[in-house]
Each structure stands twice: as structure tokens, then as C-alpha cells.
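I opened this notebook to record what I looked up, starting from one residue and moving outward. The entries follow the order in which I checked things.

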Amino acid sequence: MRLASAADRAAVTTPRCSETGNEPRSEVAAERRPWDVGLPGWFAVMSCLTLVVCLAYSGGRSHERWAPVAYWIGEVLLFSAPAYVVMRRTSSWPARYVSVLLYAADLSLISWAYSPDMFRYSDELQHQRSLLNILASHHDFQLNYSLPIGAHYPGLGNVTAAVVQLTGISPFAAGQILVFISDLLVSVAVLMLFREITKSERAAAAGALVFLIGRDQSLFRLYVYETLALPFLILVLYLALKAAGARHGWRRYAVLACASALVTTITHHVTAIAQAAILVLLAVGLTLRPATRRHSMRVWTVAGTAVVMLCLWIALVAPETFSYLGDPIEEAIRGALAGRGAGTKTVAGAQGEPIEHWLSLAGPLVTVVISAIGIKWIYTRSDDSSWATTRIWALGSLSLVLLLVVRVAASGGTELAGRALAYSSLFTGCVVGYAADTYAARLVERRRRRTERHFPRPIKRASVVAASGMLLCLSGLVSGLPPAYERLPGTFNVDGFESGVDPANISAARWSLPALGPGNRVFGDFTAYALFATLGNQNTVHGDNALYAAFKATTVRKTDADAFSRLNVRYVVTDRRVTEQAPVRGTYFAGDDTSSAASVAGHITPKALQKFDQARGISRLYDNGFVRVYDLWGSVYVP
Amino acid sequence: MFRRSLTEILAVALASLCCLVLMVSGAPLVLTIPAGLLLAFLPGIVAVCQARSEAMGGFARLAAVIAASLGILAVLGCVLTWLPGGIDRRSWALALLLTTTLLVVGAIARRQRCSLPKMRLPRPAARGVISVMVGVLALLGAVVVSLQSASQADNEPFTEISAVPAGPLHRAAVGSDATLMVTNHEHGFMHYRLVIVTRSEHVTRNFSLKDGATYEQSLALTKGGFTASLYRGDEESKPYRQVWLRGGDLVPQS
């Protein structure tokens, strides 16, 4: 193994002033800039930038032309402020940590401000249905037509139900409070974990910022079960590392880690699997090194407990997990073998201008490059046993490359890789943070050793760090949620995620529950599928090409009637706006059907909807001018 | 003994008080919100206080309290679901009181003192106070702007009409009843005319609704079903909204 150069060693082994916060007074004074306003000042700045983004959302609702500009200015500067505080040499560690926490809180507030009166995103509505089922039945494990697997992982529902029932506030308010608390908990846990691994506050804070800005993290600011499970996964990893490194009382850390692992297990399947996998990886890594082999048993204890809990939960409570996760993986492998990979194309409408497409690709590439540099620096450090976990973590960051391969090669790779990125970011975020910290420390070291005439060079080099950070920020923003077509709220888009939800289709979905009762077989476009299953608690139908063709047909044909009767469809929901706009997601219907020719080919014409008015025996039960609900009973569709 | 365990006993007393408030039916939100939140987080606070957490930093302690509280609620819900009372306010209150008590008893039995975190707040400078006030005002402004703009969003007005036959399967049968409902979402007061046409009769109803109000009418189904057309004000031509019940021209009730 190549030894680190003297300069490198000096840079990485000298206690950095920023880590201790004990900067010599004269040096701190020399470093002061007019914009060094202190932590309260940064709080004011970041709050004002949050206000700018909220004003942009407000402007979007009233279709103001300045709104997109305000949005981008607000978001970019909002990231720049904590990034500056974190990377500044003279910042104390509380300033770094608090600025990261403020950033997490502001992002959470912005996520709420997008839809401040109710959940509109389809995944959030699915989890709200699980919560409403618990509140109505007073028991877990109730059938949720919109997300059947969700009923078997009741952690999120239990905690939200407790807040609703104990305080009396609405489910939406309780859900938002929980999301906010979970976001803060994730940030604190990530800071603690990265600090434990990198042994540097600046690296931890920089890594946490990179982790928070990742495209995958926008999903974790929604009311979904991953949001609650993720902080517990990070805590398990932190506690397992503490147990491994503790001189005394490692059992206390191991017990706490196992307790946290239990919460992850009952809250979210993929996070629980990721937890078991990362713990096993960590334990194997520690076992392979003679210096840490003795302590690896502690991590094996936690890993073994997590695996046993996961297996027991899946076997006894949630056996559906196999089919829920197995089917998409099987499909992805088959697609990869058959050469039907997703490639580098994005989900329709996810990115607006071509530059957004390139930015979304640049983010992962920059992460890969910086991670590679970080791995090199970690492996050229002194081979101290206390750096064993850091080295294992550096290896873990290679999972990003694996995910990029899955993203390109596998069928449905966009969805699979996107979901798994959150767990990979735990490695890459940390390594990128370490690389940024080490690079900054080397710049300082070189500046100290050189004369003033070389001063401009480090500034140029520092701009590389700033540019990389900005690229990661922009990439995270353009490829995260909400997608480009609904980046600002206020414009109705047919079959958009949140922009396709408006009072007309909300009213129709809400009407269906008391009027029709729960669990009816209902078919409609994507928005109807999402809203009737969640707000209406109906058993909506999707994923059948023959049904899509039957819906689009302008006349009632025998094959169309067979498609409806084969799937026991009783009610059909139509929205006349599907005949006026092209579907913004590239398809009118639900599921991963953008590859399905039947769902994509052709637009829905007014005649296609009129056939339900004209077919004999069909009743029109509901009409609000936009949305209509038809009962097929007694017609050729349901003989 | 009593003096040494004063903090622990205080925690149980506080949990009992919160539990009592939550047991009172019809307690106002100003009481239930603080009592509920305190009771939800009390087991977590007690657990972290007695877990020899003095060595932990402020951030770690904060994370530990939040994580312990959320974790206890998540697991407790899985236990409550198997009990006869299920998951409701009463069960939560009693379960959390019991959990707090057990944690306290455990601490006393192990002769472990519960130490509350000692917060060392920085001395506020005038410039810092002003900055914090500006920040808080900006955040409040963000909340107000978001709520106000969402409530005034440019949504298209509409009126909904529905016809739902009675019965468990909602199968329209001759002789059974159906319910007609009209709800106004037009953002203002509206006059409507409802025309119901069956094979044998033609009935007209005039009514007015304020925004958000609902008109409801029950009618008996006859063979051939009915068509209900809704007109706005004095409009004569095309119906504004229309529903009908046919169901294979309606089956005779057996």
C-alpha cells in the first residue's frame, strides 16, 4: 500500500482548528469577513430564503412570472448558506451542526408549504389511508387497497395514530409534525454517524449536507413509512459502531441498537433489509481485519439480531413482502437480460429543459468522481485500526456505481435505483464529506507553507469545491421531487402526481366512500386510481393493457367488455380533462406502464368517454362537470 | 429514598396528570395538545435521563429523546392492537403511564438517578436577538403566506350532483329508494333547478344553496329508472349537470 505523502499526512493528522473550534483569536479575526454574521445571523438569512421559496410557491399558485426565478434563487442560496458555514475554516462545530439542522428544518418547511392544507402526493395519500384505517378500526393490519403491504408495517401509522388520538389534532397535522421531527432526527443521526466514521466535525457536516440535498431525500420529506424508518436505520449503524469501538459498556450500545433495529423492522421493509445488509457488511469488514476481529463479534450480535427480527417479522406478520419486493426485482433482472434497460432516459416530465437532464446526470457522476478521490485518500492514510470502519464505509460508497448500473441496465431501473439511492447516500455522503474536508484542509496547509503571492491559487482550488457543491445541489433539485412539470404548485396537469389533484377529483373520491361503501372495483385514469383508492378506500384496478385499450376505445366492443368483466370492474371514473391535455407523465394510467404500448399509444378522445353515456344499462351516479362516475352493473360490461 | 427519587416520582405524577386530562371526555385542544405531547415524549425523556446519558452531547441527547419516544410509540401500538381496547386515546394514555412508571421503578430499583440535561445557553447579544427575531418573523411569514395562498388557490368552481340507490349492493331495484344530492362548490350563492324525469312523470324542483351547502332528496325507483338534470338559475338549454340510474332498466324487486 502506498504511503501518504508528507504533505498529505500533515494535512490529515494535524488537528484541524475547525474541528476543535479553538482557532487563535488573531487568526479568527483575520479570517472575518463582512458577511460573517454569526449563527443567529445565518438563522435569519436562511429563514428569509425559506420565505423566498414559499413566496415563489405562492406566486406559482397565482401564475406570477417571477415565481420560477424566485424559487431557484431561494433554493440555491438556501443551500449555499449552510455550505459556506460548514466549509468555512473558522466555524465552530456547533455552528456547523446547527446550520445543517436549520437547513433540514427549512427543507421540511418548504416541503410542507408545497401542499399546506392536505396530502396530495399519491404515496402520502396511501400512507394516510393506512392511518385512517387504524383510527377507524382501532387496530393495525387493516386492509389497505392502495398499499396492501403498508398494513403489515404499522410503525408510522402507530406513531401518527398516537399523536392524533392523544392530542386531538387532525391526521394531516400529526403526519406533518412527525415528518418534521423525523427530518430533524435524520439530520442529527447522520451528523453523529458521519462524525463517528470520519472523526471530523467538518467532514460530518459536509457529508450531512450532501446527504440532505440528494435527489432521494426529497421522498423522505413526505409522509411515507421510509421517513420514520430511515433515522432508526442510521441510529442502528451509529450505535453498532459505538459498540464496536467502546472500551466499556458495549452491551448498552448493542441493546440500544437492537431496540432501534426493531423499530426499523416494524416500520419499513426495504429499510429493514438495507439495515441487515449494511450491518452484515460492517461485521464482515471488521472480521476480515485482524486488528478489529475481536470487536467484530459485537457488530455480529447486532447484525444477527436485526436479521432474525427481519426474518421473523416477514415470516409471521408480512409474508407478502416476498412478492411485493420479489416481483419488481425479478422483472428488473429479466429486463436486463433481455436488453430492456431503462438507459439514461428519465421519467416523462421529470425534467423540463434539456439542461436539467444533463444536470441530473452530472450529479451522480460528480459524486462518483469525488467518492473515488475520497476512497483514495482514506486508503492512503495511516493503517490505524481506528480507521477500519472508515475504510469499510469507503468501500460501501462503491454501491453507487452498482446502483448506476442497475439504473441503466435494469427494466424499471429508474425506480429501483432511485429508491435504493437513499441507503447508498449514507456511504457516498460520508465519503464526499470526508473528501471535501480533506481537500479544504490541504488547501489551508498549502497556503500556510507558501507565500502570499501564491494566494490566488488556493482560491481557484476552493472554487472547485464550491462548483462541485453547487452542481450536487442543482442536480439534487432537478432530479428530486417535485418533478419539473409541477415544480411550482398552481397549474393543473392531467394525471400529474400532485398537480393532477384538484378540488373536483378530491370531491369525487371523497363522495365514493359513504355513497358506494369501501372496497368496490373502480377503474379510471392515474389520478382516479390514486384518489379513489386512498380518499375513497376503493379497490382500484390498474396494470392491465386490455383495460387501457377498452377505456380508450370509442365504441363498446366484445373484447373491451370482456376486459372489464374479467377484472370485476364495477365502477368507471372519467375526467373530461383527459381529452383536453396530454398526460404529463407520459401515460394516463397507474403503475409502471410507461413502457406499455397500450397505455402510451394514442390520446383519449371525447368519444371514448361518451361511450359510457351511450351504452345501454350503464348508470351515471356522479357528475361534477369534470369527473363522472359510472356504474356498469346491468350493462354489457357487467352482464 | 424519597428525596433521591424526587425527579422520578415527579415524572410519574406528571404522566398521571396528563393521563387524567386525556381521560376527560370533551377536554379542549388547549389542554389535550400539551398533555398528549408531554405524555407521548415522557417515557423517552425518562429512558434517556436514566441511561447514563451524562456523557452524551446536547445533540445526541436530543436525538435520543426523540428516537426513544417515537420508538416506544411504534412498538407500543403493535402491543395495543392485540388488546381488547385496541388503539385509542384511553389505551395510549394508560400504556404510556404504565411505561413511564415501569421505567421509573426500574431506575429506582437499580438505584440509578435520573439526571436532567443541563442546558448552557449562550448569553444573548443585542445583534443576535434581533437576528433571531428576524428569522422567526420570516418563518412565520412563510407559514402565513403558504396557508393563505393555498386557501385562495385559483381552483375552478363546480357543482356536484349524485344519485345513489339504497341497499347493500347498491343494485337499483324497482320499489327501492335512491338519494339525490346536489352540493355547491361555486364559491358563492347559487340558484338551481332540478328536473327529474321518469317513464311516468316529470318533476321540477327549484332551490338555492350557499357555497358548501348540500341539497338532498329521496325518491322511489320505478321501472326504467330516472334521469336527474340540474340547471343553473334560469338556464333552459343544456343541463349543467346530469345523472341517471338505469341498471339494465332496473330489475323488479323480488
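I took contact to mean heavy atoms within 4.5 Å, and I kept in mind throughout that this is a predicted model.

**Entry 1, a lysine in chain A.** I looked up Lys611(A) and found it in helix H26 of chain A, which covers residues 606-614. Setting aside neighbours within four places in sequence, I listed its contacts as Ala550(A), Phe551(A), Lys552(A), Ala553(A), Thr554(A), Thr555(A), Val556(A) and Tyr637(A). What is the nearest side chain of opposite charge to Lys611(A)? I noted Asp560(A), 6.3 Å away, and Lys611(A) is buried yet has no salt bridge. Because a salt bridge calls for a side-chain nitrogen of Lys or Arg within 4 Å of a carboxyl oxygen of Asp or Glu, the 6.3 Å to Asp560(A) does not qualify. The side chain of Lys611(A) does, however, reach the backbone oxygen of Phe551(A) at 2.8 Å.

**Entry 2, a glutamate in chain A.** I then turned to Glu486(A), which sits in the loop between helix H20 (456-479) and helix H21 (503-516) of chain A. Glu486(A) is likewise buried without a salt bridge, and the nearest side chain of opposite charge, that of Arg585(A), is 8.2 Å away. Leaving out residues up to four places away in sequence, I found Glu486(A) touching Tyr114(A), Asn493(A), Gly496(A), Phe497(A), Glu498(A) and Ser499(A).

**Entry 3, chain B by itself.** I counted five helices and nine strands in chain B, and along the sequence the five α elements come before the β elements. Of its 254 residues, 43% count as buried. Among contacts in chain B between residues at least 6 apart in sequence, 64% join residues at least 24 apart.

**Entry 4, where chain B meets chain A.** How many residues of chain B are in contact with chain A? I have 78 residues of chain B in contact with 79 residues of chain A. The area buried between the two chains is about 6,200 Å², with carbon and sulfur atoms giving 69% of it. The rule finds zero salt bridges across this interface, whereas the count of residue pairs in polar contact, both at pLDDT 80 or more, is 19. The elements that each supply at least two residues to the side of chain B touching chain A include helix H2 (29-49), helix H3 (58-80) and strand E1 (158-165), and H5(B) gives the most, with 17 residues. By class, I recorded that side of chain B as 46 nonpolar, 21 polar and eleven charged residues.

Conventions: Residues are numbered from 1 along each chain as its sequence is written. Chains are lettered from A and ligands numbered from 1 in the order in which they are written. This is a predicted model: local features need pLDDT of at least 70, side-chain atom pairs count only at pLDDT 80 or more; totals for chains, interfaces and linings use all residues. Side-chain values use heavy atoms; hydrogens and water are left out. Helices (H or I, at least four residues) and strands (E, at least two) are DSSP runs, numbered from the N terminus. Buried means under 20% relative accessible area, exposed over 50%, partly exposed in between (1.4 Å probe, protein chains only). Lys and Arg count as positive and Asp and Glu as negative; His and the chain ends are not counted. A polar contact is a pair of N or O atoms within 3.5 Å; within protein, one must be able to donate a hydrogen and the other to accept it, and residues adjacent in sequence count only if both atoms are side-chain atoms. Buried area is the accessible area (1.4 Å probe) that two parts lose on being put together, summed over both. Ala, Val, Leu, Ile, Met, Phe, Trp, Tyr, Cys and Pro count as nonpolar, Asp, Glu, Lys and Arg as charged, and the others, Gly among them, as polar.
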